[in-house]
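This report walks through one protein model. Have the sequence and the 3D view at hand while reading.

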Amino acid sequence: MISAGKRPTNALPKALADYSRGVDLFYFANALIVQDDSRRLLEFSKLREDAFNVTAMTQCCGTVMCGIHRAFEGGAIWATPDSCSITGASDMAPQFYLFANDFPADKCLKLPLRNSIPTLGSAYDEMNSAPLQALMSAVRAPVDTRLVQRDYTTFDQLVSVCDVKIDNACFEQSRSRL
Ligand SMILES: [Zn+2]
């Protein structure tokens, strides 16, 4: 919603706006090759001072490029094809629904994969569940340097030379839609 508010062409996908599906998140190793001119266009934000997520957006068009969560311990980033273009990703099937507590209950029951993958209400309450333990183990794994073809940077290194803005622009709006 924050990205959609940055530019008229960043419309929130209709299926997300009406809760017909969730946001797809892909996870990648925290090993990034970023050209200098792209690096200058990145800005970093989080929803609150003590937020666990930091998000990288573009200053030019408000595209959400990727983000990081403290629980990943620097091993991984997330990205969403709902905002940026993701190519070459594996075709791993969706593993679970997360933060279902933030979804209207009736819409939750109608989610496309509702009966075939687990539904977790809150990551923080269900951290010991098998799906989240599997995710944590994957995202905390060290970068396999055999797979990295050039010198790379990490999300943390990109953030370390930038200010992180607090941007919670859509909080009220997001809560009022439930
Ligand atoms: Zn742009």
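## A hairpin and the core beside it

E3 and E4 form a hairpin with 5 residues between them, and Gly62 in the turn has a positive phi of about 70°. Names such as E3 are given to DSSP runs numbered from the N terminus: helices (H or I) have at least four residues and strands (E) at least two. The model is a predicted one, in which local features need pLDDT of at least 70 and side-chain atom pairs count only at pLDDT 80 or more, while totals for chains, interfaces and linings use all residues. Residues are numbered from 1 along each chain as its sequence is written.

The two strands of the hairpin pair in the antiparallel sense over 5 bridges; strands count as paired if DSSP finds at least two bridges between them. Within this pairing, Val54 stands opposite Ile68 in E4.

How many of the 6 residues of E4 are buried? The number is 5, so E4 is largely enclosed by the rest of the structure. Here a residue is buried if 20 or more other C-beta atoms lie within 10 Å of its own, exposed if 12 or fewer, and partly exposed in between, with C-beta atoms placed from the backbone.

Next comes the largest nonpolar core. Of its 14 residues, Met65, Cys66, Ile68 and Ile77 touch the most other members. At least two residues of this core come from each of strand E3 (53-58), strand E4 (64-69), strand E5 (76-79) and helix H4 (130-139). E4 gives the most, with 4 residues. A nonpolar core is a set of buried Ala, Val, Leu, Ile, Met, Phe, Trp, Tyr and Cys residues joined through C-beta atoms within 7 Å. In soluble globular proteins, nonpolar side chains tend to be buried together.

Cys66 is in contact with Ala56, Ile77, Trp78, Ala79 and Phe155, leaving aside its neighbours within four places in sequence. Contact means that the C-beta atoms of two residues, placed from the backbone, lie within 7 Å.

## Phe155

Phe155 lies in helix H5 (residues 155-160). Phe155 counts as buried because it has 24 C-beta neighbours inside 10 Å. Its contacts, again without neighbours within four places in sequence, are Asn30, Leu32, Cys66, Ile68 and Ile77. Phe155 and Val54 are 101 residues apart in sequence, yet their C-alpha atoms are 9.4 Å apart in space.

## Two loop residues with positive phi

Neither residue in the table is a glycine.

| Residue | Phi | Place | Other C-beta atoms within 10 Å |
|---|---|---|---|
| Glu73 | near 55° | loop between E4 and E5 | 14, partly exposed |
| Phe99 | about 60° | loop between E5 and helix H3 (105-109) | 14, partly exposed |

## The whole chain

The protein chain has 6 helices and 6 strands. Along the sequence they follow the pattern α-β-α-β-β-β-β-α-α-α-β-α. The radius of gyration, taken over C-alpha atoms, is 17 Å, close to the 16 Å that the globule rule (2.2 Å times the number of residues to the power 0.38) gives for 178 residues, so the chain is as compact as a globular protein of that length. The C-alpha trace spans about 45 × 35 × 30 Å along its principal axes.

Of the 178 residues, 15% count as buried. Among contacts with a separation of 6 or more, 57% are between residues 24 or more positions apart.
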